Amino acid sequence: MTDQGLRIGIAGITGRVGRLLVEEVQAAGAVLAGGTVRDKAKATGLPEGLALFTDMAGLAAVSDVVIDFTHADTAIPHAQALADHDTAWVLGTTGLSEAQQATVLKAAETIGVVHAANFSAGVTLVRRLAQMMGQALPAESYDAEIVEMHHRQKVDAPSGTALAIGEAVAKGRGVALVDVKESGRDGHTGPRKPGAIGFAALRGGQIVGEHEVLFTSADEQITLTHRAFDRRVFATGAVRAALWVQDRPAGYYGMEEVLGLPPC
């Protein structure tokens, strides 16, 4: 997995995943084009002479692909800057509003965009299996529950990955997740609603990420489990996506396409 001519930029290069991306880009043999930072004076521990920018436009101008794990609030300006410079985009940001998602899709009419809630190959396969199980196991007989656990600093719940898995189950069942999602059960909730997709979020310690999908009937239970031991798995997958998208036409892609999975 090498491409010595590909210039990869990193948005939020001083973050925890950003610093891992620096190492993974270099390990892949690609060119580290630069990164965005909030304050150049505080950007320490990066390769000497690396180009740093305080906005996406500058980074987009010197990159073939930008990997972006920043924040939903940056999605619209980043989409516009990358489309203006014909720079491909590997986007790992979750929690986008309808307007932000629409802007990402609009950019994908001009550039290649790989958007995923989780760039782990394992999670990608769990999502595919969850969709297949959602399709094969009748909702009236098999209750679907998704349990996730992350470090104590995580601010959103359920996680973006858990919601993406839930979307996969809902797609397999031919329903919209918003119509069947249940989370945060507390107090006298009454019996479980038929066809619901339930979520439970646990927080503690420094757990990178654990996700479990359970399909339970009166007679059996099937469980899919994924555990991430190191955030590097997300950086490795994102760089893999960057190498893949460089030669692709404009379009909106996911990790399923990067891994070469057949349409489902």
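**Entry 1: Ile-13 and the cores**

I started at Ile-13 and left aside its neighbours within four places in sequence. Ile-13 is in contact with Gly-18, Arg-19, Val-22, Gly-34, Gly-35, Thr-36, Val-37, Leu-46, Leu-50 and Leu-52. I note here that the model is predicted.

Next I looked up the nonpolar cores. The largest one holds 35 residues. Ile-13 is among those with the most contacts inside it, along with Leu-21, Ile-67, Val-90, Val-114, Phe-119 and Val-245. I then asked which elements give two or more residues to this core. They are strand 1 (7-11), helix 1, strand 4 (65-68), strand 5 (88-91), helix 8 and helix 9 (255-258). Helix 8 provides the largest share, eight residues. Another core, of 20 residues, lies apart from this one. I noted Ala-60, Ala-72, Val-104 and Ile-111 among its members.

**Entry 2: helix 3**

I went through helix 3, residues 75-84, for burial. Its buried residues are Ala-75, His-78, Ala-79, Ala-81, Leu-82 and Ala-83. What covers them? The cover includes strand 1, helix 2 (56-61), strand 4, strand 5 and helix 4 (98-107). I also checked the backbone just after helix 3, where Asp-86 takes a positive phi of about 55°.

**Entry 3: salt bridges**

I searched the whole structure and found twelve salt bridges. I took three pairs in turn.

The side chains of Glu-23 and Arg-232 meet at 2.6 Å, N to O. Glu-23 lies in helix 1 (residues 16-27) and Arg-232 in helix 8 (residues 232-245), so this salt bridge ties together parts that are 209 residues apart in sequence. Glu-23 counts as partly exposed, at 40% relative accessibility. Arg-232 also counts as partly exposed, at 27%.

Arg-185 forms a salt bridge with Glu-145, with the closest N and O atoms 2.9 Å apart. Arg-185 sits in the loop between strand 8 (181-183) and strand 9 (197-203), while Glu-145 belongs to strand 7 (residues 143-150), so the pair ties together parts that are 40 residues apart in sequence. I read 40% relative accessibility for Arg-185, which counts as partly exposed. I followed the links further. Arg-185 and Glu-145 are part of a network of salt bridges with Asp-143, Glu-182 and Arg-192.

For Arg-203 and Glu-148, the closest N and O atoms of the salt bridge are 2.7 Å apart. Arg-203 lies in strand 9 and Glu-148 in strand 7, so parts 55 residues apart in sequence are tied together. Are these two residues buried or exposed? Arg-203 is partly exposed, with a relative accessible area of 29%. Glu-148 is buried, at 1%. The cut-off for buried is under 20%.

**Entry 4: strands 7, 10 and 11**

I moved from the salt bridges to strand pairing. How many bridges join strand 7 to strand 10? Seven do, and the two strands run antiparallel. Strand 10 covers residues 209-216. I picked Val-147 and found its bridge partner in strand 10, Glu-212.

Strand 10 is also joined to strand 11 (residues 221-228), by eight bridges. These two run antiparallel as well. A hairpin of four residues joins strand 10 to strand 11. I looked up His-211 last, and its bridge partner in strand 11 is His-226.

Methods. Residues numbered from 1 in each chain as written. Predicted model: local features only at pLDDT ≥ 70, side-chain atom pairs only at ≥ 80, totals over all residues. Heavy atoms only, no water. Salt bridge = Lys/Arg side-chain N within 4 Å of Asp/Glu carboxyl O. Buried < 20%, exposed > 50% of the residue type's maximum accessible area, 1.4 Å probe, protein only. Pairing = 2+ DSSP bridges. Core = buried A, V, L, I, M, F, W, Y, C linked by side-chain atoms within 4.5 Å. Contact = heavy atoms within 4.5 Å.
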